[in-house]
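Please open the structure in a viewer and keep the selection panel at hand. The stops below are meant to be followed in order.

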4 protein chains.
Amino acid sequence: MDTNTAELTVGVDIGGTKIAAGVVDAHGQILAHAYRATDPHDPRQIEGAVAETVDELRSQYPQVDAVGVAAAGFVGSDRTTMLFAPNIAWRNHPLGSILTDRIGLPVVIENDANAAAWAEYRFGQGRGADSMVMLTLGTGLGGAIISNGQLIRGSFGAAAELGHMTIVPDGHFCGCGQEGCWEAYASGTALAKLARSVAVADPDGAQAILAAAGGDQIVGAHVTAAARQGDPLATGLLTRFGHYLGVGIATLTAVVDPAVVVVGGGIAAVAGDLILPSARKSFLDNLSGRGFRGEPRIVTADLGNDAGIIGAADSARIPARAAERVLEGAAR
Amino acid sequence: MDTNTAELTVGVDIGGTKIAAGVVDAHGQILAHAYRATDPHDPRQIEGAVAETVDELRSQYPQVDAVGVAAAGFVGSDRTTMLFAPNIAWRNHPLGSILTDRIGLPVVIENDANAAAWAEYRFGQGRGADSMVMLTLGTGLGGAIISNGQLIRGSFGAAAELGHMTIVPDGHFCGCGQEGCWEAYASGTALAKLARSVAVADPDGAQAILAAAGGDQIVGAHVTAAARQGDPLATGLLTRFGHYLGVGIATLTAVVDPAVVVVGGGIAAVAGDLILPSARKSFLDNLSGRGFRGEPRIVTADLGNDAGIIGAADSARIPARAAERVLEGAAR
Amino acid sequence: MDTNTAELTVGVDIGGTKIAAGVVDAHGQILAHAYRATDPHDPRQIEGAVAETVDELRSQYPQVDAVGVAAAGFVGSDRTTMLFAPNIAWRNHPLGSILTDRIGLPVVIENDANAAAWAEYRFGQGRGADSMVMLTLGTGLGGAIISNGQLIRGSFGAAAELGHMTIVPDGHFCGCGQEGCWEAYASGTALAKLARSVAVADPDGAQAILAAAGGDQIVGAHVTAAARQGDPLATGLLTRFGHYLGVGIATLTAVVDPAVVVVGGGIAAVAGDLILPSARKSFLDNLSGRGFRGEPRIVTADLGNDAGIIGAADSARIPARAAERVLEGAAR
Amino acid sequence: MDTNTAELTVGVDIGGTKIAAGVVDAHGQILAHAYRATDPHDPRQIEGAVAETVDELRSQYPQVDAVGVAAAGFVGSDRTTMLFAPNIAWRNHPLGSILTDRIGLPVVIENDANAAAWAEYRFGQGRGADSMVMLTLGTGLGGAIISNGQLIRGSFGAAAELGHMTIVPDGHFCGCGQEGCWEAYASGTALAKLARSVAVADPDGAQAILAAAGGDQIVGAHVTAAARQGDPLATGLLTRFGHYLGVGIATLTAVVDPAVVVVGGGIAAVAGDLILPSARKSFLDNLSGRGFRGEPRIVTADLGNDAGIIGAADSARIPARAAERVLEGAAR
């Protein structure tokens with residue numbers, strides 16, 4: 001693909017407490033950044049702040065011709081409506097049209113996990129892959145799926161809620177009100193809860209984790225810290241995390257057969273090396289059809305915190321490119 | 001879509017013991033059929049028989065301009081290579097090219113579950129849906145997924161092996177060598193095994209099922225027969241079948257968010273009314289995000305045994321049409 | 001057994017906030033009661049209050065010649081040492097000797113669940129049974145086992161912690177720090193947690209339960225109230241409670257083969273009729289060896305809140321009687 | 001206990017294909033053996049063979065004054081009736097009286113697992129323990145429990161069917177017709193089935209096990225052989241065996257709180273060192289109340305194949321001794 005810097009778009013990543021935006025070129029490079037603080041309780045302020053970041057960036061790069069916005073929540077299939085946002089009071093909110101009116105450029109909305117995944121697919125670990133699953137290990141377990149060169153958004157904008165696959169029947173309660181969700185076994189919250197429970201069951205064994213917590217409530221980082229010092233209990237908890245991660249990846253592979261599984265998010269960044277070996281093992285142990293099928297690579301993400309900006313920006317370019325690609329395919 | 005009967009293709013469905021083929025128009029109507037018996041132990045005979053059915057049909061409808069072939073197994077992403085077939089000795093076999101050479105028309109290969117699903121999507125229960133999951137309840141549990149208007153085939157042609165999602169950790173052995181696969185809880189084989197086991201655990205309670213079996217080994221049909229007569233144990237086994245069906249559908253919905261779940265296959269045909277109510281209930285009981293998301297319909301399939309022919313025939317027309325659609329989308 | 005009222009003992013039941021004591025005759029009848037409030041944070045006050053109730057009762061019935069005391073916790077096999085109490089700061093505490101010194105009569109200590117079970121065994125639902133399991137459904141799930149005419153106390157005084165049998169591998173967290181304990185599926189706390197979670201998962205379906213709660217946090221009683229009004233979700237939650245109750249009873253039956261399972265405690269009292277039918281069904285569905293073995297009755301308890309007093313009082317009489325019985329057995 | 005060799009009894013162990021008998025003294029020493037082949041299809045022949053072994057031994061040791069007989073099955077609480085035998089056509093069969101008539105000495109019948117456990121309790125690993133659980137790992141998983149110095153036989157002679165505790169809800173089918181029984185996860189049969197399934201799922205990984213099987217169907221011994229050579233898959237299967245063994249032991253400990261868990265049977269003899277370390281770990285990981293309670297030792301059995309003879313012989317002496325003990329207890 002021979003592109004020049006004339007093909008610039010802006011990506012905006014709406015987080016819990018701040019907005020990060022960037023001008024992105026056709027190679028996924030960020031040429032300039034802009035930031036604003038946000039108040040999740042004031043949806044209109046957020047819209048204003050998004051517009052400001054775009055204005056700021058356009059003053060530097062006037063040739064920007066489209067904007068992609070990444071936010072947590074369910075996005076309509078038109079990619080302009082925010083059906084539901086978990087942290088902001090958006091319900092069936094025409095965010096795209098409002099921003100288009102304010103900014104004067106085409107705006108597409110993308111789920112934040114989808115945006116990050118799309119960035120990895122186009123410019124990171126998924127480059128060249130036919131299909132890809134992205135898992136984001138943070139407080140929860142988010143995800144995104146790309147198949148046939150497109151994000152799977154679902155009929156109601158609710159696809160790839162991967163953390164809510166049921167992994168253990170009648171298992172741990174999940175914040176969503178269900179039981180046994182994947183995210184109740186493989187997420188930062190799950191790791192912390194498990195460690196706290198084990199500290200009750202076996203306080204002596206949990207000495208190293210408790211020491212890492214230093215009197216505070218145990219969180220995932222304390223488990224990781226203890227494991228880095230060789231503590232067997234902490235290591236076991238992360239191995240179990242990996243075990244359940246792999247079990248779910250095997251199920252996902254039965255469904256979408258990806259070429260690569262990219263594991264991102266804060267926990268992958270700080271503890272990927274402690275979790276992924278057991279994830280890969282349990283993935284293979286649970287994979288149906290071994291030997292008769294290709295096996296996806298399971299790797300950590302490349303693009304870090306910028307993935308949302310890059311993916312959103314690239315999303316704003318998708319429609320035209322996708323059409324191109326299909327035509328090429330049809331012509332073959 | 002303004003089509004005329006000039007747009008005809010042939011669909012060929014390669015089954016375990018016979019080949020069924022048909023000329024299909026752009027509305028999914030079969031205009032003529034042709035059949036051949038086959039020997040699964042003689043791959044070359046099968047190729048000859050496929051060619052014969054096409055020749056027979058073209059003698060009636062000379063304007064046929066493409067052929068789609070449905071067969072069980074993993075199909076390469078080029079849709080001409082049979083990577084692996086469970087019942088025929090095809091391993092990385094260039095079935096499409098061989099048939100193209102023999103027949104003199106473009107030939108595409110499609111996995112049989114994919115072909116049936118495509119038929120439902122285009123002309124049956126999935127008509128008008130954005131995305132769709134198809135489940136085929138027979139001896140095993142097969143499936144197919146359509147998202148963004150396309151079948152999800154996967155990077156290695158092994159997507160939608162839905163029966164091998166893990167539903168119960170360390171649960172029932174599956175024929176694939178894994179434990180706890182969905183198909184080990186929701187398939188004809190699973191139902192029969194469960195009924196046989198229950199007949200050991202509680203021979204008195206299982207009188208009606210044993211009577212239906214009449215001294216033969218219990219199979220799924222005996223359970224259905226006893227349930228139709230109001231037997232509580234048999235009814236309970238089918239309710240449990242439905243329960244596990246619904247659990248898996250909830251997980252699939254978290255992954256692909258379909259507008260409709262079409263349940264086909266022999267068991268859906270004869271016992272769908274006994275299984276689907278409990279499947280719908282357990283689906284809702286296990287669905288994450290209720291109230292914040294649309295909910296797919298769960299319905300039985302429309303097209304029966306002809307679905308493979310219709311879907312394969314329509315597959316042969318896909319590339320051009322998909323390009324059309326994307327261009328329309330981009331133009332909006 | 002020909003006894004006269006001369007054979008009187010006192011039973012004392014140390015609860016969370018009060019002490020209840022009674023003079024009990026050889027037929028398990030309580031002839032007089034005495035009560036004291038207690039402060040669980042002041043162990044010495046509790047000992048004084050126990051002595052006071054005994055003194056008060058002996059002033060009415062001077063022929064009392066032994067005292068049995070029931071308290072929550074692990075009791076040593078000598079039945080005088082409190083190894084561990086969950087709510088009072090007793091650790092390896094010689095409670096029996098201390099009380100004997102103060103009172104001037106022989107004192108035996110009994111775990112409270114054991115005492116209640118012993119009462120049912122001797123004078124309630126277990127009368128005449130060879131062996132018996134008692135389950136106490138309250139905040140938690142407690143229990144006791146009588147086999148060969150004796151309570152099973154265990155080598156460390158920790159037997160019959162039935163609520164901590166593992167029922168679901170990697171299942172719900174239990175207050176004990178383990179996962180999947182029986183009490184995490186079949187207890188008042190478990191019922192409340194499940195109902196709260198379901199109210200998140202399906203707020204519409206949970207209307208009746210939420211209405212019963214009237215804005216307060218949901219507790220088990222709200223579920224029972226909604227079920228009494230025919231609410232299907234609440235009914236389903238109690239059916240599931242029963243299901244897991246039955247599963248655990250089947251496992252216990254494999255272990256101790258009781259003639260009767262007595263279900264007591266606050267939840268059995270108010271919701272036994274809503275829970276026990278499904279418990280009986282799932283018990284039978286999970287019982288190994290049906291048809292080749294006797295099946296225990298599963299019934300609600302007879303003696304209510306007095307069971308602790310009666311059982312403790314009778315415990316003070318056991319040693320002599322047990323010896324009698326064995327001699328009779330040997331003589332047969 | 002001051003005994004002399006005048007206190008001799010005979011123990012008879014009725015196995016699948018042979019009868020082994022012995023004269024046993026009060027220290028559990030076997031002074032002489034006698035054997036007979038048996039035909040499980042001819043119950044009367046078996047009774048005759050038992051009588052012959054006793055006659056043979058009495059000709060050497062005329063002072064023998066009681067006989068204990070161990071056999072597989074449910075034994076009535078009178079210890080003379082065979083309620084049900086799995087391999088011999090005994091149903092409510094007065095085996096004890098028949099043998100008493102033939103032999104002219106008091107005869108007690110004991111379940112074979114109970115007899116072996118009693119031997120360990122009196123003269124082997126359980127010596128001095130207050131209470132004990134015995135697990136017999138063979139084709140299945142059998143067991144016995146001793147508490148308060150007595151075997152727990154149950155109200156219907158069906159106690160300690162430990163292999164049929166439910167460990168995994170809706171888990172592997174068990175020969176008894178139930179699902180998820182302990183014996184379906186921790187027995188020779190379970191190990192073999194799991195290994196065969198894994199060999200299907202991952203034939204490359206299973207090379208060492210398949211090589212050990214040398215073309216025969218995989219059995220447990222092949223797994224053990226491969227593990228001894230360091231094969232990671234085989235080692236993993238035995239670790240998992242141990243994991244489930246430990247899970248069940250934790251549940252049993254919650255129920256009976258034994259001082260010692262004795263693991264016997266053919267698999268313990270040949271693979272105990274490969275299984276018990278992971279059993280001990282998972283036992284502790286699943287034990288409720290750690291730190292507040294004593295923990296049983298988990299050890300392999302001492303007495304091997306003679307345990308049945310020794311335990312049956314000693315059973316014939318129990319009634320008198322038990323009475324003694326209780327009197328002592330009461331006197332303390």
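The tour moves from a strand in one chain to a sheet, then to a pair of helices, and ends with the relations between chains. Please bear in mind throughout that this is a predicted model.

**Stop 1: a covered strand in chain C**

Select residues 67–71 of chain C, which form strand β4. Is this strand mostly covered or mostly open? It is mostly covered, with 5 of its 5 residues buried. In a regular strand the side chains alternate between the two faces of the sheet. Colour Val67(C), Val69(C) and Ala71(C) for one side of β4(C), and Gly68(C) and Ala70(C) for the other; all of these are buried, and both faces of the strand are thus shown to be covered.

Next, add the partners of this strand. Strand β1 of chain C, residues 9–14, runs parallel to β4(C) and is joined to it by 4 bridges. Within this pairing, Val10(C) stands opposite Val67(C). Then display residues 107–111 of chain C, strand β8, which pairs with β4(C) in the parallel sense over 5 bridges. Here Ala70(C) has Glu110(C) of β8(C) as its bridge partner.

**Stop 2: an open sheet in chain B**

Turn to chain B and display the strands β11, β10, β9, β12 and β13. Together these 5 strands form an open sheet of mixed pairing, in the order β11-β10-β9-β12-β13. Which strands lie at the edges? They are β11 (150–151) and β13 (297–300) of chain B, each of which pairs on one side only.

Focus on β12(B), residues 260–264, which runs parallel to β13(B) and is joined to it by 4 bridges. Label Val262(B) and, opposite it in β13(B), Val299(B).

Now add the helices that pack on this sheet. Helix α3 of chain B, residues 112–123, packs on the sheet and touches β9 (132–137), β10 (141–147), β11 and β12 of chain B. The direction of α3(B) makes about 125° with that of β9(B). Helix α8 of chain B, residues 266–286, also packs on the sheet, touching β9, β12 and β13 of chain B. Its direction makes about 165° with that of β13(B).

**Stop 3: two packed helices in chain D**

Select residues 220–228 and 266–286 of chain D, which are helices α6 and α8. At what angle do these helices pack? The angle is about 35°, and the axes are 11 Å apart. The crossing of α6(D) past α8(D) is left-handed.

Show side chains for the contact: Gly220(D), Thr224(D) and Ala227(D) in α6(D) meet Ile267(D), Val270(D), Ala271(D) and Leu274(D) in α8(D). By character, the contact residues divide into 5 nonpolar and 2 polar, with no charged residue.

**Stop 4: how the chains are related**

Display chains C and D. A rotation of 180° with 0.0 Å of shift along its axis superposes chain C on chain D, with an RMSD of 0.1 Å. That is the relation of a two-fold axis. The same surface serves both copies, as 100% of the contact residues of chain C recur in chain D.

Finally, replace chain D with chain B. Chain C is superposed on chain B by a rotation of 180° with 0.0 Å of shift along the axis (RMSD 0.1 Å). Which residue of chain C comes closest to the rotation axis? It is Pro169(C), at 4.5 Å by its C-alpha. For this pair, 100% of the contact residues of chain C recur in chain B.

To finish, select the contact between these two chains: 7 residues of chain C are in contact with 7 residues of chain B. On the side of chain C, they divide into 3 nonpolar, 1 polar and 3 charged.

Conventions: Residues numbered from 1 in each chain as written. Chains lettered and ligands numbered in written order. Predicted model: local features only at pLDDT ≥ 70, side-chain atom pairs only at ≥ 80, totals over all residues. Axes fitted to C-alpha atoms, helices over the stretch in contact; angles between N-to-C directions. Left-handed = near helix turned anticlockwise from the far one by under 90°. Nonpolar A, V, L, I, M, F, W, Y, C, P; charged D, E, K, R; others polar. Pairing = 2+ DSSP bridges. Least-squares fit on C-alpha atoms with pLDDT ≥ 70 in both. Buried ≥ 20, exposed ≤ 12 C-beta atoms within 10 Å, placed from the backbone.
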